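Notebook open. I want to look up how the protein meets the DNA, then go hunting for cavities.

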Protein chains: 2
Amino acid sequence: MDNITLKMLAKELNLSTAAISKALRDSHEISTHTKQRVQELASRLNYIPNAYAGSLRRRKSKTIAVVLPEVADSFFSLAINGIEAIAEQKGYHVLIYLTHENFSREQAILKDFQSGRVDGVLMSLTAETASYQHVCDLHAKDIPLVFFDRVCEEINTAKITTDDFESGYKATQHLIDCGCKKIALLSISNYLAISNRRLDGYRQALKDNNIKNSPINIYCGNDNAVNYRFIQRIMSDKERPDGIVATVEKLTTDVYLVCKELQLSIPQDLKIVSFSNLSSADILNPSLTTITQPAFEMGKAAAVILFKALEKKSFTLRDENYTMPSELIIRGSTVLQK
Amino acid sequence: MDNITLKMLAKELNLSTAAISKALRDSHEISTHTKQRVQELASRLNYIPNAYAGSLRRRKSKTIAVVLPEVADSFFSLAINGIEAIAEQKGYHVLIYLTHENFSREQAILKDFQSGRVDGVLMSLTAETASYQHVCDLHAKDIPLVFFDRVCEEINTAKITTDDFESGYKATQHLIDCGCKKIALLSISNYLAISNRRLDGYRQALKDNNIKNSPINIYCGNDNAVNYRFIQRIMSDKERPDGIVATVEKLTTDVYLVCKELQLSIPQDLKIVSFSNLSSADILNPSLTTITQPAFEMGKAAAVILFKALEKKSFTLRDENYTMPSELIIRGSTVLQK
DNA sequence: GCTATTTACTTAAACGGTTAAGTAAATTAT
DNA sequence: ATAATTTACTTAACCGTTTAAGTAAATAGC
């Protein structure tokens, strides 16, 4: 079945395509009577304008992209919800692109955006991302770009983060307060600004408490099986940590499983705090102490700023940092529950 | 900075835009020497073709859509990975659209697809979806459509599911084998075919074991707070179930939390089996017995079929059902662990 | 009653590619 | 040596909209 086009409506009503187009956009140049006829026919034939034709002509697509490492992380899935809540109000489409923590995918996706496919971009970098030419290239094309969480500090644009230094500090201090002497920080990136901020906070807390020789900044990769063996090795060592700050949700599962396997009990033998928004934190064995970020609100905030840029004719996204607080929620993985 | 267009390249090299276009697509009509000049200039100026112009002319976008209820469910996030693995091989873009279990969003999204925005669609229905006109409309436009998991039986196209009847049966039989006498099934939809298949399997198992008066098919909605109170009420009743089959991952968290609150112990007071792909099933308190679907493979299978349709000139997606087996993984929520 | 303005359109040129059809020059065939 | 074919392009139409510019008729202004 062939699609209905403006031209077909025009022929049917003996009008020009211009008249139809204007009638459908409720232009004052068209008489009320004609508008009615056009709208009636359009809805009767279920006319749906071709998305590409319109976007090509207007050089705007009413579409934004969200570029994320993955979706199997509660932070990102909540952030998406925040973004979509705003986009829906604004009548924009939201396209979700996943990098799977893969730098070359991120490059390819951003390059594609230079084709004008989307009007604006919200993104969180890959853990691998250590160079920024692809981001610069996109930014140079004047496509509004807002970072959230895994921001790119090198680009002058708006960025939404949480208080990562403070969170790293808070998590570490909490473990120290619980009696930990040897605290490890599990990270998935040596490049990401937020990882480094969390690491800085962790280091500062150790320093302020005069703790030395802690096995600092243990780096995990993107392969779960490898991470598991790695954590296994760390926890098998007789110099094993008695506290862990997991900067990423998914590492926590591995830690729990390793402890189960090695018959180490949490929180007696090991205490752990994880950056996480998992609703199941409460029902883990034991329940998980978390640093919980305001994921939904961060998504919303990022979207709001992006739309400010999109709706202004002379847009300028300045180099702004918005920091939102995250929360330490103490549960059974650091404090023995009744 | 203005974008580079074919026209600009043409002017620069004193060729027609047609020549440039053909050179870039490596046409035999263009001399090797000219091709080289064109390609050299194009890559030097970082020429990126306008996505809308090409798609408009070719009436193909090399883009497929994945329409999902949500992404905060391990089944869907894994299925996406399977889909993207195939799409990447084929050089297609994947756009993810979320319905948030909202029927009118689903309608709006499918309607939009009639604009030719995507070449094909993979989808899982909303829990609310009880009428199918919007799906018929899309299907009538000859846009290839493949369902996975939450399929629409009323539409003649390819469908990928798991053995939902058998899974419902298996889960129920397992609870019966563990001694349950009063088994509830928690569902989020009275409309979805897969919900009904699971329910049928559950009923059959009860029947085969001569169990009557089980509180059949308890319906939960999309609001977590409401679900929580609802489950709370059920579990507070003195006629409360001693076994639960949760047909959806997210309901499990509520059940665990309610039991914690009411000081009911799992599996002594209540045994529960949940449809879930959560990697954290193992570290819950207690670990969770699951029916686990081959989510990644289902995504792959759905994508493979869709691409068969997309790549054939005279495509026909027949009314086919592909059923893949899911697996019962017995853990601590039904059997007391050592 | 004649000019100025408004109304309600139409025409045609974009947007940035792709492609069918045409063509001049070079090559091959006979 | 001439016709047939191949090579390497160009021209122009087209995809389906939007929109600037043009226009004829109706209305308003004085």
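I started with the phosphates of DNA strand D in this predicted model: one of their oxygens sits 2.7 Å from an N or O atom in the side chain of Ser16(B). I also found a backbone contact, with an N or O atom of Leu6(A) 2.8 Å from a phosphate oxygen of strand D. For the bases I noted Lys22(B), whose side chain puts an N or O atom 2.7 Å from a base oxygen of that strand.

Next I pulled the neighbours. I got 26 residues around DNA strand D, with Ser21(A), Arg57(A), Glu29(B), Ser31(B) and Arg59(B) the closest. Of the strand's atoms within 4 Å of the protein, 58% belong to sugar and phosphate. By class, I have 10 nonpolar, 7 polar and 9 charged residues on that surface.

Then the cavities. My search of the whole structure turned up 5 of 30 Å³ or more.

The largest is about 210 Å³. Its lining has 20 residues, and those nearest the centre are Asp73(B), Asp149(B), Arg198(B), Thr247(B) and Val248(B). α9(B) gives the largest share, 3 residues. Where does this cavity lie? Domains 2 and 3 of chain B both contribute to the lining, so I place the cavity between them.

The second largest comes out at about 180 Å³. I count 18 lining residues here, with Asp73(A), Asp149(A), Arg198(A), Thr247(A) and Val248(A) nearest the centre. α9(A) gives the most, 3 residues. Domains 2 and 3 of chain A both supply lining residues, so this cavity lies between those two.

Terms used
Residues are numbered from 1 along each chain as its sequence is written. Chains are lettered from A and ligands numbered from 1 in the order in which they are written. This is a predicted model: local features need pLDDT of at least 70, side-chain atom pairs count only at pLDDT 80 or more; totals for chains, interfaces and linings use all residues. Side-chain values use heavy atoms; hydrogens and water are left out. A residue is near a molecule or strand if one of its heavy atoms lies within 4 Å of it. A polar contact is a pair of N or O atoms within 3.5 Å; within protein, one must be able to donate a hydrogen and the other to accept it, and residues adjacent in sequence count only if both atoms are side-chain atoms. Ala, Val, Leu, Ile, Met, Phe, Trp, Tyr, Cys and Pro count as nonpolar, Asp, Glu, Lys and Arg as charged, and the others, Gly among them, as polar. On a 1 Å grid over the protein atoms alone, a cavity is a set of points where a 1.4 Å probe fits but cannot get out, and a pocket is an open set with protein on both sides within 12 Å along at least five of seven lines; lining residues have an atom within 4 Å of a point. Grid points are joined across faces, edges and corners, and a volume is the space filled by probe spheres set on the points. Helices (H or I, at least four residues) and strands (E, at least two) are DSSP runs, numbered from the N terminus. Domain bounds come from an automatic or database domain assignment.
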